[in-house]
Amino acid sequence: MAEGEARGRGRGAGYVVRAVLAVVLAVVACVCVPAGALSVWAKYEIGDTDTFVDSVSPLASDRDVREAVADAVTDGVMRQVDLGALQDQAREFVREAAVSFTGSPAFRDAWDAAARGAHKAVLEALSDRESGKDIRIDLGPVTKQVKQQLIDNHVPYADRIPDTDTSLTFVESRELGTARKVFHAFETAGPWPAVAAFVLGAASIALAHRRLRALSLLAFGVALAGVALRLTLMAGRDETLGRIPSGFSRPAAGAGYDALTHALTTASWWLVGIGCAAGVAGAVASVVRGRGSLPKRPRPA
């Protein structure tokens, strides 16, 4: 009898250890979910030139971005010329030409070329602590196109506009300290946090005694991870817009942030949707299975 009690206590202790281990693995798996999304994004979207350009290419059609580009080109040109009493009139001509060009198909090609060059600047600024470089997008090709458009329209003194390097500064180097460390950590991790989330989640379900219930709880945990990812992106947006250089268009910066994080935003909603759906399905299945396993009442004699 004593031996049976000892075996019972051993089985009870083993049950508790497995349950605790399953919970710990599930929690760690859920923590790895947003980390995995961020690390995959850092390595394969921000770290890849073609994917980066594809992400920001739609900004060529964004009104706020086009306005910011037109303003930057106009300011860049007018800093290089001095026409005295005609300065204000010249600014109006340049601004008009810049706005007209940003609405043309040629601007899309110029924007993609500028974005491809900007990607190199992004990686250099985020990778090299000693570079001291701001994250900028070069608008020199756009300025040349605007100058040529002014010449074609026979605007006086347009041919005297010197070739100038015009750029938009998105983030200043002094604001990149923490971003460099975070980006480097996520880029180095690559896909492994996502793999770890899957493996640990599967292990937690395998260890659980009631696997349907464990699956349901894990799914709801994934949904919470999706919410956490979305809240992180929102906080990051506010932080980014709060640190943009003075004089730069906040709406344009917001559009840029949204374009670069679009994949993460989509992933967060998918995590919430799939997690909630799987959680509810697992809970219902667990209840149905529990009812089906109830012992039948003996029929009266």
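**Salt bridges, helices and surface of the predicted model**

With a relative accessibility of 41%, Arg116 counts as partly exposed, because this class lies between the limits of 20% for buried and 50% for exposed residues. The model described here is predicted. Asp50 falls into the partly exposed class as well, at 45% relative accessibility. The side chains of Arg116 and Asp50 meet in a salt bridge, with a distance of 3.1 Å from N to O. This pair links distant parts of the chain, since Arg116 belongs to helix α5 and Asp50 to helix α2 (residues 49-56), with their positions 66 residues apart in the sequence.

In total, the structure holds 5 salt bridges. Another of them is formed by the side chains of Arg95 and Asp71, at 2.3 Å from N to O. Arg95 is located in helix α4 and Asp71 in helix α3, so this salt bridge ties together parts of the chain that are 24 residues apart in sequence. Arg95 has a relative accessible area of 23% and is therefore partly exposed. Asp71 is likewise partly exposed, with a relative accessible area of 37%. Arg95 and Asp71 also belong to a network of salt bridges in which they are linked with Glu67.

A further salt bridge is found between the side chains of Arg237 and Asp258, at 2.9 Å from N to O. Here Arg237 lies in helix α9 and Asp258 in helix α10 (residues 250-260), so parts of the chain 21 residues apart in sequence are tied together. Arg237 is partly exposed, with a relative accessible area of 28%. Asp258 counts as partly exposed at 35% relative accessibility.

The helices named above belong to a protein chain with 11 helices and 2 strands. Along the sequence, the order of these elements is α-α-α-α-α-β-α-β-α-α-α-α-α. The protein chain has 301 residues, and buried residues make up 36% of them. Among contacts between residues at least 6 apart in sequence, 79% join residues that are at least 24 apart. The exposed area of the protein chain is about 17800 Å², of which 60% is supplied by carbon and sulfur atoms.

Helix α4, which carries Arg95, covers residues 87-102 and has 16 residues. From its first C-alpha to its last, α4 reaches 22 Å, close to the 22 Å expected at 1.5 Å a residue. The buried residues in α4 are Gln87, Ala90, Val94, Ala97, Ala98, Phe101 and Thr102. Viewed down the axis of α4, its buried residues fall within an arc of 130 degrees, so they line one face of the helix. In an α-helix there are 3.6 residues a turn, so residues three or four places apart point the same way. The buried residues of α4 pack against α3 (63-78), α5 (105-127) and α6. On the other side of α4, Asp88, Glu92 and Glu96 are exposed.

Helix α6, one of the packing partners of the buried residues of α4, spans residues 140-152 and includes Lys144. At 53% relative accessibility, Lys144 counts as exposed, because the limit for this class is 50%. Lys144 and Pro162 are separated by 18 residues in sequence, and their C-alpha atoms are 9.3 Å apart in space.

Helix α9 (residues 211-242), which contains Arg237, has 32 residues. Its reach from first to last C-alpha is 46 Å, close to the 46 Å expected at 1.5 Å a residue. Among the buried residues of α9 are the leucines Leu218, Leu229, Leu233 and Leu241. Ala214, Ala219, Ala223 and Ala225 are buried in α9 as well, as are Gly221 and Gly226. The buried residues of α9 also include Ser216 and Val222.

On the surface, Val16, Val20, Val24 and Val28 form a nonpolar patch, and their accessible area together is about 300 Å². Val24 is placed in helix α1 (residues 2-46). The relative accessibility of Val24 is 43%, and this residue therefore counts as partly exposed.

How values were computed
Residues are numbered from 1 along each chain as its sequence is written. This is a predicted model: local features need pLDDT of at least 70, side-chain atom pairs count only at pLDDT 80 or more; totals for chains, interfaces and linings use all residues. Side-chain values use heavy atoms; hydrogens and water are left out. Patches are made of residues with over 30% relative accessible area and no salt bridge: like charges are joined within 9 Å, nonpolar side chains (Val, Leu, Ile, Met, Phe, Trp, Tyr) within 5 Å. Accessible areas come from the Shrake-Rupley method with a 1.4 Å probe; for residues, only the protein chains shown count as cover. A salt bridge is a side-chain nitrogen of Lys or Arg within 4 Å of a carboxyl oxygen of Asp or Glu. Helices (H or I, at least four residues) and strands (E, at least two) are DSSP runs, numbered from the N terminus. Buried means under 20% relative accessible area, exposed over 50%, partly exposed in between (1.4 Å probe, protein chains only). Contact means heavy atoms within 4.5 Å. The expected span of a helix is 1.5 Å times one less than its number of residues. The arc is that of the directions from the helix axis to the C-beta atoms.
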